[in-house]
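Hi,

Here is the structure I promised to pass on. Have a look at it first, and my notes come underneath.

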Amino acid sequence: MKRYEKFVLEAEKGITFEVAEGTRGELIIRALNIATANVYSTNYVNPPIPEGYKHVCGEWNNGFVIERCSDGSQFVWIPVGSLDSNGTLDGDHFSEKFGRRNYMNNEFSDDEFNEALNDELLEQLESVEKYGGFYISRYNISMSSAGKPQSVSVKGAMPWVNINFDYAKKVASTIEDNEAVKSHLTFGAEYDSVLEWFIKTGVKTLAEIAKDSTEWGNHWNTENSPKKVVETGSREEWCANNIYDFAGNVDEWTQEQNESSYRVIRGGNYNNNGNNYPVAYCNYNNPNNNYNNTGFRATLYIK
């Protein structure tokens, strides 16, 4: 087959191209209408409720919670369209409402923290632009008595820990998979969008996000800390906008990585001090290892 040193893409006015690396190393080129690219629906004030779910509490700006009728798993709406454009998807340009933030002066580069714009993340971006936001699990994912993943706060619901990255990603993808909704392991872009929402709504300050999360999480130096992992959603003071245990208790796998393909674990856990490991803290670890202090969350992609 003949090889070419360069190629040219042409399109009508109003069309731009987005280039990304696929999950198998392939080059992905997408044509985007710049009239709609990076434009978020203003209808984030009316969160979509997928079939099989019901609204149980909260408003769009303080924690709109939906519950899956089949098992009681709950998810909270993150109104991305209401956020400031200070995030990044490419690691260079901080002009996105939906994206990672540089709260901890991290290096956004291949040898530090990066996140490939793969198919799954690009699909979520399209969904976020379409609906103005996304849903994230209200609680750390736990395992039901039947061995199924769930996002609930019931007696005995302990965060699912001792799970490596690949298995956490696989489990998260099985929570929901139908014609309308698909679940996945949290991306860094989603994690930081949640943190930015906490700041935007005034329930947490930047200092409580990036410097000291002691007062709103199960950390070692928290007053009356149980000094162990506890049930999901066990204390109201560890809740922000109807999302529980984002700070402390267990830290969380995300789909961020570094050049060596180590995966990024976010936040701190009960065995850390909240002033050393605040909720915005990033640390990359071997994805093949299980950690008894590390859990995960799931987010929903609405088609």
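Below is what I found, starting with the cores and ending with some backbone angles.

Keep in mind that this is a predicted model. Its largest nonpolar core has 32 residues, and Phe98, Leu195, Phe198, Ile243 and Phe246 make the most contacts inside it. Strand S5 (74–78), helix H1 (119–131), strand S6 (134–137), helix H3 (188–201) and helix H4 (206–210) each give two or more residues to this core. H3 supplies the largest share, six residues.

If you want one residue to click on, try Leu195. Beyond its neighbours within four places in sequence, Leu195 is in contact with Tyr103, Ile209, Phe246, Arg266, Val279 and Ala280. There is also a second, separate core of 24 residues, with Tyr53, Tyr131, Val181 and Leu185 among them.

Now for H1. This helix has 13 residues and reaches 18 Å from its first C-alpha to its last, close to the 18 Å expected at 1.5 Å a residue. The buried residues in H1 include Leu121, Leu122, Leu125 and Val128, but also Gln124, Ser127 and Glu129. Just after H1, Gly132 takes a positive phi of about 90 degrees.

Two asparagines are worth a look too. Most residues other than glycine have a negative phi. Asn242, in the loop between strand S11 (239–240) and strand S12 (243–244), has a positive phi near 70 degrees. Its relative accessibility is 18%, so Asn242 counts as buried. Asn249 lies in the loop between strand S13 (247–248) and strand S14 (251–257), with a positive phi near 65 degrees. Asn249 is buried as well, at a relative accessible area of 0%.

Cheers

Key. Residues numbered from 1 in each chain as written. Predicted model: local features only at pLDDT ≥ 70, side-chain atom pairs only at ≥ 80, totals over all residues. Heavy atoms only, no water. Core = buried A, V, L, I, M, F, W, Y, C linked by side-chain atoms within 4.5 Å. Buried < 20%, exposed > 50% of the residue type's maximum accessible area, 1.4 Å probe, protein only. Helix = DSSP H or I, 4+ residues; strand = E, 2+ residues; numbered from the N terminus. Contact = heavy atoms within 4.5 Å. Expected span 1.5 Å × (residues − 1).
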